[in-house]
Amino acid sequence: MQILTPHVYWAQRHGEIYLRVDLSDAKNLDISLQENNTLQFRAQGHGAKGDNEYKFSLEFLEPVRPEIKHKSTQRQVDIKIKKQEDRWWDRLTLQGKKPLFLAPDFDRWLDESDAEMELQAKEEKINKISVESRVRKDPYLGLKKGYLFMYNLVQFLGFSWIFVNMTVRLFILGQDSFYDTFHTTADMMYFCQMMAVLEVINPLLGLVKTGFFPAMLQVAGRNVILFVVFGSLEDMQNKPVVFFVFYLWSTIEIFRYPFYMLACISTEWKLLTWLRYSLWIPLYPLGVVAEAVAVIQSLPIFDETRLFSLPLPALLGHSLSFSYTLQLYLVLMFLGLFVNFRHLYKQRRRRYRSRKHKVQ
Ligand SMILES: CCCCCCCCCCCCC[C@@H](O)CC(=O)SCCNC(=O)CCNC(=O)[C@H](O)C(C)(C)COP(=O)(O)OP(=O)(O)OC[C@H]1O[C@@H](n2cnc3c(N)ncnc32)[C@H](O)[C@@H]1OP(=O)(O)O
């Protein structure tokens, strides 16, 4: 029997070398790694020159690990060797000139950047699986999602009712509808805004990723307007400003809550996401201006009625009008606008940046 050299095809990844030996029905395989980092291959099989004994040796460019995996099939022998260090090699063998029997395995061939991408994709997959398994470990996840879904559904229905009611009345009554917004929608708005306190509690309980501070500013700010400025002053309740404040609040909420509902069931509608993360840009400043107008309109009423005024010692006068507290609140309101505007801007950028990465 003649001893011949088979055709050998190779490819690499950062951590491995793949060899494909073109030998069918290979028997009596003897594959070993010599001390000088050289792979010795010997086997009987059917190659380019028919049934024969075939052998070859390859001294690798860089050190490889001694454990070698191989699999012999009817068509070929596949060999997988692990590199000592995860590094891209310029060539397979130490000797500069490529042996004649060796060629690239184009079925497996990747250049360095392709292999890097493959590696990244693998890492991302592993990360995703580990995050998913961590998430799956939470035994209350279903309960939490169910609660959030129901909360968002109730808020969505409440704000939709307010929005539709106001829109229909605007179409039928025109500007006249401005004057009785409070009497027709306040009960529902009270309900929704009281429920919204949960939006401050949810991040504290770790149920949502929202920051506590922006949510607190949002809920406290609105509740001051609703319960103190409108709720406690009958004279404010039939002013057109109520219409603008309620309309601006409900416009964003009929998009924000359905967006959260979909997030609870891991679904996304692009248009809804865009509306949730874009509508605030005009609505938020308009909302703050409308709220500021309401506060300014209420100042003389608080001065006149002395409601919530702070009793003072006789020496300092009769009492301190609540309008001073509200003037301080006006300043806080614009600081709050700045904080939440920045927060929402960051949320928007984060959302669109992370989505862009996912697409790439
Ligand atoms: C007595 C002292 C008072 C002191 C007060 C100081 C005055 C402050 C005044 C402030 C001015 C207020 C003016 C305002 O009232 C005017 C208006 O509202 S006008 C109308 C326009 N308004 C808006 O657009 C604001 C709407 N509100 C909000 O967007 C939120 O309330 C806000 C907290 C500002 C931001 O929301 P958030 O931080 O939650 O951002 P995201 O939506 O991106 O959510 C982050 C991630 O959490 C998940 N999440 C959040 N909530 C839920 C939920 N309920 N259910 C399920 N999932 C939820 C969300 O999906 C995000 O997850 P992921 O990152 O994975 O996508």
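**Sheets and helix packing in a predicted model**

Trainee: In what order do the strands of the four-stranded open sheet lie?

Mentor: This open sheet has four strands with mixed pairing, where strands (E, at least two residues) and helices (H or I, at least four) are DSSP runs numbered from the N terminus, and two strands pair if DSSP finds at least two bridges between them. Its edge strands, each pairing on one side only, are β1 (3-4) and β4 (24-33). This is a predicted model, in which local features need pLDDT of at least 70 and side-chain atom pairs count only at pLDDT 80 or more, whereas totals for chains, interfaces and linings use all residues. Residues are numbered from 1 along each chain as its sequence is written. The order is β1-β6-β5-β4.

Trainee: In which sense, parallel or antiparallel, do β4 and β5 pair?

Mentor: Strand β5 covers residues 38-47 and joins β4 over six bridges, with Ile31 standing opposite Phe41 in β5. The hairpin of these two strands has four residues between them, and there Asn37 takes a positive phi near 65 degrees. At the other edge, β1 pairs with β6 (residues 50-59) in the parallel sense over two bridges, and Ile3 stands opposite Glu53 in β6. The pairing of β4 with β5, by contrast, is antiparallel.

Trainee: Which strands are the edges of the five-stranded open sheet?

Mentor: This sheet has the order β7-β8-β3-β2-β9, again with mixed pairing. Within it, five bridges join β2 (residues 8-12) to β3 (residues 16-21) in an antiparallel run, and Ala11 stands opposite Tyr18 in β3. In the same five-stranded order, β7-β8-β3-β2-β9, the strands that pair on one side only are β7 (64-72) and β9 (102-104).

Trainee: How are α2 and α7 oriented to each other, and why?

Mentor: Their axes, lines fitted to C-alpha atoms over the stretch in contact, come within 8 Å and cross at roughly 150 degrees, an angle taken between N-to-C directions on a scale from 0 to 180 degrees. Angles under 35 degrees count as roughly parallel, over 145 as roughly antiparallel, 65 to 115 as roughly perpendicular and the rest as oblique. The two helices, α2 and α7, are therefore roughly antiparallel.

Trainee: Which α7 residue is one of those that meet α2, and which helices supply at least two residues each of the shell around the ligand?

Mentor: Contact requires C-beta atoms, placed from the backbone, within 7 Å, and the α7 residues that meet α2 include Phe243. The helices that each supply at least two residues of the shell around the ligand are α2 (141-173), α5 (212-230), α7 (240-264), α9 (280-305) and α10 (322-359).
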